[in-house]
Amino acid sequence: HPNFSNKINKESLIQYFRYSYIPAPYSIYKNIFKLEPGTILSVKGSPPLMPPNKPIPSGECYETISINRYWDLKDEIEYGYSHKIIDEKEATLKLEKSLRMSVQKQMLSDVPLGAFLSGGVDSSTIVAMMQSQSNKPVKTFTIGFNESTHDESSHANSVASYLGTEHNMLKVTDSDARDVIPKLPWLYDEPFADSSQIPTYLVCNAARQHVTVALSGDGGDELFGGYNRYIHGPGLYKKISILPEPIKKIFSLAAQMLSEQGWNNCGSIYNALRARKEGISNLGVKIHKISEQIYHTKSFTDFHRNLLSTWLEPKKLLTGDINESFSLFDNKLNEISINEYSNQMMFQDMLTYLPDDILCKVDRAAMGVNLETRAPFLDPSLISLSTRIPMSMKIRKGYGKWLLRQVLYKYVPSKIIDRPKIGFSVPIGQWLRGPLREWAQELLSEDKLAECGLFNPELFHKAWTQHLSGRIDRSSKLWPILMFQAWHTSYK
């Protein structure tokens, strides 16, 4: 539009480099805002039609706009916290009934319908509920990779075979996945750097060849305690918080002396000694990340924010004096009495990480191929029920989603389901050292970084040099700047 100013919001850019996405209500552009979840924007009357290149007056047209909240997660949290379900049998029955009702409602469609299936707890639960209420095999979709560390297709095949779905597995090569990268600026419209956006697009594209609507398991982790940070984070924080500063420094240096692969080898031994569902994947990345965060942890809020942060001090990446005036963690749950660290993390993620990263990632990828996605876990009645379930029924004996698993085990044997959580990812780190190296090298060059006049290149170059050494994976730090550069090249 002729009146649109595309000036980049540096405060938004700070949040982007911290979290790899830009949280609502902010956008990459100054004075352009996103409508937050649970709100409705109303416009009364018609703003005056202005000729091109003439500023819009600040009076009449702005007074016609209002934003009101019609659903508030905080209200659900407060109600749930004072109306806990104590009996495990009652909780299991209520959860199963609520899940079945949500899935049943979201299966209503006058176009072909299917579901994503990774073989994990969340997607398997949704598919199990679908198949139990369908008189014909449900169409399910997954993608497989040549890299065994990133391939979960065999688990999806096992679940699909047991449930009797019409399963579609697309095997993609590294080249297929890399071919998606040029599409990403167009798909997401603003910088977005959750690298699982690549396999998400691929599975959406595969599903769209057969169906028009697909159900997903998004939201299960946040509602029922699935992420490792919910399970192991509180205990780790309590240990870190009592350490004197000199000991923290020694621990940090010692942890980084062993390479990520070395820690991964230790993780393999640990996993072999534990029950399958209690294992930890990618231990090396997690240990190195936590060891870098120790100095920046003064409270549990710091600890959680740092776990979610890609760059701990993103202001250092940008030129000029920028005031980081807003934060995802400002005034979110302060007024809610929650005394469990895991609950604090889960509810905070439901307010921020879930809508602005996970749901954004899936929605944009799906809409890019004209596929509608639906998330049964996010039915309001199911969210309300989840807030009433005590943490002891979500996380138990070192593994998450305990109550959800009890429901799923009625449909699929535990031996098919239980294993360490891997996540939906591609080997970006390996690609950046190999086939994507030339592409990344160009975007990280002095000339390219200087084009928009926003960056101090030193930290990016340091991360790139560290990554190329092969000793440490810096792809999570590099992907945001690469996605910004790719976006800026497309939209400047």
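Two strands are said to pair if DSSP finds at least two bridges between them, and in this predicted model strand E3, residues 113–116, is joined to strand E4, residues 139–145, by three bridges, with the two strands running parallel. One place to look for this pairing is Phe 116, whose bridge partner in E4 is Phe 141.

These two strands belong to a wider arrangement, an open sheet of five strands that follow the order E5-E4-E3-E6-E7 with parallel pairing. At the edges of the sheet are strand E5, residues 166–172, and strand E7, residues 372–374, each of which pairs on one side only. From one strand to the next, the sheet twists by an average of 30°. Strands of a sheet pair through backbone hydrogen bonds, which may join them in either a parallel or an antiparallel manner.

Across E3, E4 and E5 lies helix H9, made up of residues 197–208, and this helix runs at about 140° to E4.

From here the reader can turn to the nonpolar interior. The largest nonpolar core contains 80 residues, and the members that touch the most others are Leu 13, Phe 17, Ile 198, Phe 455 and Phe 484. Helix H25, residues 475–491, gives the most to this core, contributing seven residues. If neighbours within four places in sequence are set aside, Ile 198 is in contact with Ala 177, Val 180, Ile 181, Leu 184, Val 426, Ile 428, Trp 431 and Trp 479. There is also a second core, separate from the one just described, which has 43 residues, among them Leu 117, Met 130, Leu 385 and Tyr 399.

Note on methods. Residues are numbered from 1 along each chain as its sequence is written. This is a predicted model: local features need pLDDT of at least 70, side-chain atom pairs count only at pLDDT 80 or more; totals for chains, interfaces and linings use all residues. Side-chain values use heavy atoms; hydrogens and water are left out. Helices (H or I, at least four residues) and strands (E, at least two) are DSSP runs, numbered from the N terminus. Axes are lines fitted to C-alpha atoms, for helices over the stretch in contact, and angles run from 0 to 180 degrees between N-to-C directions. Contact means heavy atoms within 4.5 Å. A nonpolar core is a set of buried Ala, Val, Leu, Ile, Met, Phe, Trp, Tyr and Cys residues joined through side-chain atoms within 4.5 Å. Buried means under 20% relative accessible area, exposed over 50%, partly exposed in between (1.4 Å probe, protein chains only).
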